[in-house]
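Thanks for asking me to look this over with you. Here are my notes as numbered points, so you can follow along at your own pace.

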Amino acid sequence: QVQLVESGGGLVQAGDSLRLSCAASGRTFSSYAMGWFRQAPGKEREFVAGNTWGDGSTYYADSVKGRFTISRDNAKNTVYLQIISLKPEDTAVYYCAARFMGPITYATMSLVTSYDYWGQGTQVTVSS
């Protein structure tokens, strides 16, 4: 079992920056590929960023490239999502997720169903 706990969300203004954290416990963190997703009210959960074990490859949704940066610290069992230049449309609940097996491609990293474990989410609200 893996437990994921997100933190770092809050109410911010457009143009601000934010760093979300996801602390993992349980199985060996470095064995997991990690993803960040978000879900706005009335919308489906969407992929924003992911990175892999091993070579640390990163993947980003086109809509967030240049503003979102995913990173991980295996020693701290933590994955981060740095967001700059926040926009009101970034308002959502942000979830981290972990996957243990399967081929690693953008297609598989961006699928909700690829992931085995999910955190409870952290709310990010961006005011204009």
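## Notes on the model

1. Let's begin with R45, which is partly exposed because its relative accessible area is 27%, a value between the cut-offs of 20% for buried and 50% for exposed. Please keep in mind throughout that this is a predicted model. R45 belongs to the loop between β4 and β5 (46-51). Leaving out residues up to four places away in sequence, R45 touches F37, R38, Q39, Y95, V112 and W118. You can also compare R45 with A92: they are 47 residues apart in sequence, and their C-alpha atoms are 9.4 Å apart in space.

2. Stay with R45 a moment and look at the rings beside it. Over which ring face does R45 lie at 3.7 Å from the ring centre? That face belongs to Y95. The charged end of R45 also sits over the ring of W118, at 4.9 Å from its centre.

3. Those two rings lead us to the aromatic residues. Searching the whole structure gives eight aromatic pairs. The pair of F37 and Y115 is edge-to-face, because the ring planes stand at 85°, and angles over 60 degrees count as edge-to-face. The centres of these two rings are 5.1 Å apart. Distant parts of the chain meet in this pair: F37 is in strand β4 (residues 33-39), Y115 is in the loop between α1 (106-109) and β10 (117-118), and 78 residues separate them.

4. Are F37 and Y115 buried or exposed? F37 is buried, with a relative accessible area of 0%, and Y115 is buried too, at 6%. Ring pairs also join F37 and Y115 with F47, Y95, Y106 and W118 into a cluster. Y95 and W118, the rings from point 2, are thus members of this cluster.

5. Now for the nonpolar core. As background, nonpolar side chains tend to be buried together in soluble globular proteins. Here the largest nonpolar core has 37 residues, and those touching the most other members are L4, L20, M34, W36, F68, L81 and Y94. Strand β9 (residues 92-99) gives this core its largest share, five residues. L4 makes a good example to click on: setting aside neighbours within four places in sequence, its contacts include C22, M34, C96, Y117 and W118.

6. Next, find the open sheet of four strands. What is the order of its strands? The order is β1-β3-β8-β7, and the pairing is antiparallel. At the edges are β1 (2-7) and β7 (68-73), each of which pairs on one side only. On average, neighbouring strands of the sheet are turned by 15° against each other, direction ignored.

7. One edge of that sheet deserves its own point. Strands β7 and β8 (residues 78-83) run antiparallel and are joined by six bridges. To see how the two strands line up, find T69, which stands opposite Q82 in β8, and then R72, which stands opposite V79 in β8.

8. Strand β7 also shows a pattern worth learning. In a regular strand, side chains alternate between the two faces of the sheet. Along β7, F68, I70 and R72 point to one face and are buried, whereas T69, S71 and D73 point to the other and are not. Do notice that R72 is on the buried list, and that F68 is also one of the core residues touching the most other members.

9. Finally, check the turns. The hairpin of β7 and β8 has four residues between the strands, and within it N77 takes a positive phi near 55°. N77 is partly exposed because its relative accessibility is 27%. K76 is found in the loop between β7 and β8 and is exposed, with a relative accessible area of 56%. K76 and S25 are 51 residues apart in sequence, with their C-alpha atoms 9.8 Å apart in space. Another positive phi, near 50°, appears at S85, again a residue other than glycine. S85 lies in the loop between β8 and β9 and is partly exposed, at 37% relative accessible area.

Methods: Residues are numbered from 1 along each chain as its sequence is written. This is a predicted model: local features need pLDDT of at least 70, side-chain atom pairs count only at pLDDT 80 or more; totals for chains, interfaces and linings use all residues. Side-chain values use heavy atoms; hydrogens and water are left out. A nonpolar core is a set of buried Ala, Val, Leu, Ile, Met, Phe, Trp, Tyr and Cys residues joined through side-chain atoms within 4.5 Å. Buried means under 20% relative accessible area, exposed over 50%, partly exposed in between (1.4 Å probe, protein chains only). Contact means heavy atoms within 4.5 Å. Two strands pair if DSSP finds at least two bridges between them. Axes are lines fitted to C-alpha atoms, for helices over the stretch in contact, and angles run from 0 to 180 degrees between N-to-C directions. Rings of Phe, Tyr and Trp (its six-membered ring) pair if their centres lie within 6.5 Å; planes under 30 degrees apart count as stacked, over 60 as edge-to-face and the rest as tilted. A charge sits over a ring if NZ of Lys or CZ of Arg is within 6 Å of the ring centre and within 35 degrees of the ring normal.
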